[in-house]
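Trainee: I should like to go through this structure and ask, for each label attached to it, what justifies the label.

Mentor: Please proceed, and we shall set each value against its criterion.

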Amino acid sequence: MTESSSPPLEDLLHAAVTAVGGTERPGQTAMAQAVAEAIDDSSHLLVQAGTGTGKSLGYLVPALAHGERVVVATATLALQRQLVERDLPRTVEALHPLLRRRPEFAMLKGRSNYLCLHRLHEGVPQEDADEAGLFDPFEAAAPTSKLGKDLLRLRDWSDDTETGDRDDLTPGVSDRAWSQVSVTSRECLGASKCAYGAECFAEAARERAKLADVVVTNHALLAIDAIEGAPVLPSHEVLIVDEAHELVSRVTGVASGELTPGQVNRAVRRAAKLVNEQAADALQTASEGFERLMELALPGRLEKIPEDLGYVLMALRDAARTVISALGATRDASVKDEDAVRKQALGAVENIHQVAERIVEASEYDVVWYERHDRFGASLRVAPLSVSGLLREKLFEDRSVVLTSATLKLGGDFNGVAASLGLAPESAQDPEGGEKGGEEATPHWQGLDVGSPFDYSKQGILYVAKHLAQPGREGSRADMLDELAELVEAAGGRTLGLFSSMRAAQAAAEELRGRLDMPILLQGEETLGELIRSFSAEARTCLFGTLSLWQGVDVPGPSCQLVVMDRVPFPRPDDPLMSARQKAVEEAGGNGFMAVAATHAALLMAQGAGRLVRASGDRGVVAVLDPRVERARYGSFLRKSMPEFWYTTDRNQVRRSLAAIDAAAKEQEA
């Protein structure tokens, strides 16, 4: 794929926007031009593009025009589907006559997202089947049960699907059912050893990606490609990271490890029939020691690995290493489909060895902690203290990188997000690359805010209830609930309630259901998709929930005219990873609270406030029921991170405005 002469970028963008039925906007044009320049210069770009800018075409058009392979990584399934099912087909069709070529595109996900024909036809390994009470899940599961129906539908679907992609199955199936017909990369036999390798859906997706000009993937697969060294993405000259505000969190998740007693016990059972008795007994003994220790584990960070935990982990590590060697040296013809069983056991034991060894090494760059879940019990977790160095080294070398989102400027500049990606502050950059006065070269980048087509100051109000008491760590907030009820009543419903915890959301829903005569939907009482559909359909309805609602709701029009945040969403004080990151910044001489806690809260608040105005005709109020946004020194940082709504602390003015907006909406609906 080589660069060829192309028509003017303006002509290409006009054709693409017309094809998708959109309207050209100045911000979109500015973004497309900046992306084209970054690709031409092999440089890096951070672009903040507000809701309604049309940022997908703002990066797709210049990338397609350049002619080099581009990988687009997104955080959400919704955007992946929008790109592959709507934006790319129409854009390619529109640009074909102008470019005189038809760029190809493909979707690529992790292996466990695709149906495994080997699992489907040969069944799950015996240990998994025993665990579920299903020796042959397709035969033993009652056809009338939910699991049985899902499995039968998956078997029928396997004959019709061209992709084997779980997300193409509508309606979907439970995680339990899908686990019966999918494998992880560790469990996969490999195309050359698998009887179904020639028909493998995951391998077919990889082959399509190798031939495509645009490969749409997700942040997790991008992280795996960068971290693990074994490439899973095809070579590419341009990387575009959409929803880039999520990237650090997703990379952290991929770079984390976990050990639980149940996980270790499953690995022991899988390996026991395949290795000699001595190796199996050693792993069993180590597993029992780990389980006894975890029964006493208290939640919290382990700044130093306790001696007893260190001994147990070394025993697990050494026993796992012995089993791994034994698994590679023995074969048992009596074990049905032995290669698949062996591969699954090997993957499980290798994971135990890897995580145990990592924790025993006690790297200063890792954070280790215990967690305890009411349902699943205790777990031992390890995560990187920071992924900035990893991203700087792995993400920005040998390709042009464009990162874009509606929320990349926090507190008025890009520096907070840039630091999390391993980039120097804009003002500290040397034009030739690297930091001014520094020896270590860091990737050179530019930041661009192309704004939004919406007039936020006329379409929305940011109201901070400064008269309320400051929220404490525990206990109910009667004054906040009173304020919330009055605001919701003034708005006539139409409220999206964003809460910092599920407990707070439940308490608010229970209280307002007793006070107000309007439907109050609560996250968790129905699927998220169904809740959002119900919220959109009936104007008087309110929807209350927690983190996934802060970023996952797109409801333009009169159904959402009041967005309420109960408090500043700082990380929990007992969050081991965030606390460790904050402490590390402070020890390096920085402001740990602003760099970690305030930045985390600002990003969520920017995303939450963005739920209000989704179209040019939207009007409404974002109400923050936490006086610290007005009173605290960091309050201005949080306010600058949100859209530039008209700002007030006047509670009476806000009630009058909500009543007027509600009346206008009712008149329009009539």
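Mentor: Let us begin with helix α3, residues 55-66, whose twelve residues reach 17 Å from the first C-alpha to the last, close to the 16 Å expected at 1.5 Å a residue. Please bear in mind that this is a predicted model.

Trainee: What makes α3 "mostly covered"?

Mentor: Twelve of its twelve residues are buried. Among them are K55, Y59, P62 and H66. The helix is followed by G67, whose phi is positive, near 90 degrees.

Trainee: Where is R111, and is R111 buried or exposed?

Mentor: R111 is in the loop between β3 (105-107) and α5 (117-122). Its relative accessibility is 15%, and buried means under 20%, so R111 counts as buried.

Trainee: Which residues is R111 in contact with, leaving aside its neighbours within four places in sequence?

Mentor: They are V183, T184, S185, C188, C200, A202, E203 and R206.

Trainee: Two cysteines, C188 and C200, appear among those contacts. Why is there no bond between their sulfurs?

Mentor: The sulfur of C200 is 6.0 Å from that of C188, its closest cysteine sulfur. A disulfide requires sulfur atoms within 2.5 Å, so the distance is too far for a bond. C200 itself is buried, at 19% relative accessibility.

Trainee: How many disulfides does the structure hold?

Mentor: The structure holds zero disulfides. C542 is likewise in no disulfide, with the nearest cysteine sulfur, that of C560, 9.9 Å away. C542 has a relative accessibility of 0% and therefore counts as buried.

Trainee: Let us turn to the charged pairs. How many salt bridges are there, and what makes D318 and R317 one of them?

Mentor: The structure holds 32 salt bridges. In the case of D318 and R317, the N to O distance is 3.0 Å; the criterion is within 4 Å, so the pair qualifies.

Trainee: Why are D318 and R317 given separate burial labels?

Mentor: D318 has a relative accessible area of 32% and is partly exposed, whereas R317, at 16%, counts as buried. The boundary for buried is under 20%, so R317 meets it and D318 does not.

Trainee: What is the N to O distance between K394 and E393, and why are both residues called partly exposed?

Mentor: The closest N and O atoms of K394 and E393 are 4.0 Å apart, and the two form a salt bridge. K394 has 34% relative accessibility and E393 has 46%. Partly exposed lies between the 20% and 50% boundaries, so both residues carry that label.

Trainee: How far apart are the closest N and O atoms of R614 and D554?

Mentor: They are 2.9 Å apart, in a salt bridge.

Trainee: What makes this a link between distant parts of the chain?

Mentor: R614 is in the loop between α25 and β17 (620-624), D554 is in the loop between α23 (547-552) and β16 (562-565), and the two are 60 residues apart. R614 counts as buried, at 18% relative accessibility. Elsewhere, salt bridges that share partners join E483, E486, R651 and R655 into one network.

Trainee: How many aromatic pairs does a search of the whole structure find?

Mentor: The search finds seven aromatic pairs. F454 and Y456 form one of them, with 6.3 Å centre to centre and 80 degrees between the planes.

Trainee: Why is the pair of F454 and Y456 called edge-to-face?

Mentor: The label applies when the planes are over 60 degrees apart, and the angle here is 80 degrees, so the pair is edge-to-face. Both F454 and Y456 are buried, and together with F645 they form one aromatic cluster.

Trainee: Why, then, is the pair of F593 and Y634 called tilted?

Mentor: Its centres are 5.2 Å apart and its planes differ by 55 degrees. That angle is neither under 30 nor over 60, so the pair is tilted. F593 is in helix α25 (residues 592-609) and Y634 in the loop between α26 (628-631) and α27 (635-641), 41 residues apart. F593 is partly exposed at 25%, while Y634 is buried at 14%.

Trainee: Where does the charged end of R639 sit?

Mentor: It sits over the ring of Y647, 5.0 Å from the ring centre.

Technical notes:
Residues are numbered from 1 along each chain as its sequence is written. This is a predicted model: local features need pLDDT of at least 70, side-chain atom pairs count only at pLDDT 80 or more; totals for chains, interfaces and linings use all residues. Side-chain values use heavy atoms; hydrogens and water are left out. Rings of Phe, Tyr and Trp (its six-membered ring) pair if their centres lie within 6.5 Å; planes under 30 degrees apart count as stacked, over 60 as edge-to-face and the rest as tilted. Buried means under 20% relative accessible area, exposed over 50%, partly exposed in between (1.4 Å probe, protein chains only). Helices (H or I, at least four residues) and strands (E, at least two) are DSSP runs, numbered from the N terminus. A charge sits over a ring if NZ of Lys or CZ of Arg is within 6 Å of the ring centre and within 35 degrees of the ring normal. A salt bridge is a side-chain nitrogen of Lys or Arg within 4 Å of a carboxyl oxygen of Asp or Glu. The expected span of a helix is 1.5 Å times one less than its number of residues. Contact means heavy atoms within 4.5 Å.
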